[in-house]
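User: I am new to this structure. Please take one residue and look at it closely. Then show me what lies around it.

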Amino acid sequence: MASSQSSSFSNDCPLESPSCWCGLKTRLKTSHTKSNPGRSFFACPKYDMGDTRCGFFIWTDIFNLLDQNLRTRENKVWNMWDDVLLREYEVQKREDQVRERERMLKKNQRILLWLYWVVVIVIVLAWFG
Ligand SMILES: [Zn+2]
């Protein structure tokens with residue numbers, strides 16, 4: 001009995017124990033009631049000392065489900081964050097491309113203006129020269 005409990009302990013409880021309302025790390029315990037025999041739960045450590053004010057209690061299977069749910073949501077948030085960063089990077093890249101094009105256009109404009117003046121000077125020289 002004790003060995004099966006200790007083996008189920010390592011399988012059922014891969015998680016860190018939650019903190020109770022007092023802010024203390026809860027203790028893992030096993031229920032010996034008729035309705036929940038052998039079911040493990042986390043409880044406030046002060047409960048053993050007769051202090052029932054906190055009264056924190058949660059079944060480990062329920063806690064595991066909640067924790068799993070929370071981790072799934074957390075993963076979704078991280079994936080969304082990755083998407084945001086990726087999009088931000090793409091926007092930054094496009095901004096750089098637009099700036100580069102703008103720079104090229106200004107350069108071409110200067111070259112065209114310079115060519116225009118060369119042609120004007122050549123015509124003026126040809127006309128009066
Ligand atoms: Zn407590």
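Analyst: Start with C54. This cysteine sits in the loop between β2 (40-43) and β3 (57-59). Keep in mind that the model is predicted.

Is C54 buried or exposed? Neither label fits: C54 counts as partly exposed, because 17 C-beta neighbours fall inside 10 Å. A buried residue would need 20 or more, and an exposed one would have 12 or fewer. Across the chain, 4% of the 129 residues count as buried.

Which residues does C54 touch, once its neighbours within four places in sequence are set aside? The contacts are C20, W21, C22, C44 and K46. Take C44 from that group. C44 and C54 are ten residues apart along the chain. Their C-alpha atoms are separated by 6.9 Å.

Now widen the view to the strands. The loop that holds C54 links β2 to β3. Both belong to an open sheet of three strands, in the order β1-β2-β3, with antiparallel pairing. β1 (27-30) and β3 are the edge strands, and each pairs on one side only. On average, neighbouring strands of the sheet are turned by 30° against each other, direction ignored.

Look at the pairing of β1 with β2. The two run antiparallel, and four bridges join them. K29 stands opposite F41 in β2.

Next comes the helix that meets this sheet. Helix α2 (residues 60-128) lies across β1, β2 and β3. Its direction makes an angle of about 80° with β3.

Step back to the whole chain. It has two helices and three strands. From the N terminus on, they run α-β-β-β-α. Among contacts with a separation of 6 or more, 31% join residues 24 or more positions apart.

How far can each part be trusted? The chain averages a pLDDT of 88, and 88% of the residues score at least 70. Confidence is highest in α2, at a mean of 96. Helix α1 (residues 2-12) has the lowest confidence, at a mean of 41. The pLDDT is below 50 over residues 1-13. Beyond near neighbours in sequence, that stretch has six contacts in the model.

Back to the starting point. C54 is a partly exposed residue, placed in the loop between β2 and β3, and its contacts include C20, C22 and C44.

Key: Residues numbered from 1 in each chain as written. Predicted model: local features only at pLDDT ≥ 70, side-chain atom pairs only at ≥ 80, totals over all residues. Contact = placed C-beta atoms within 7 Å. Pairing = 2+ DSSP bridges. Axes fitted to C-alpha atoms, helices over the stretch in contact; angles between N-to-C directions. pLDDT = per-residue confidence, 0-100.
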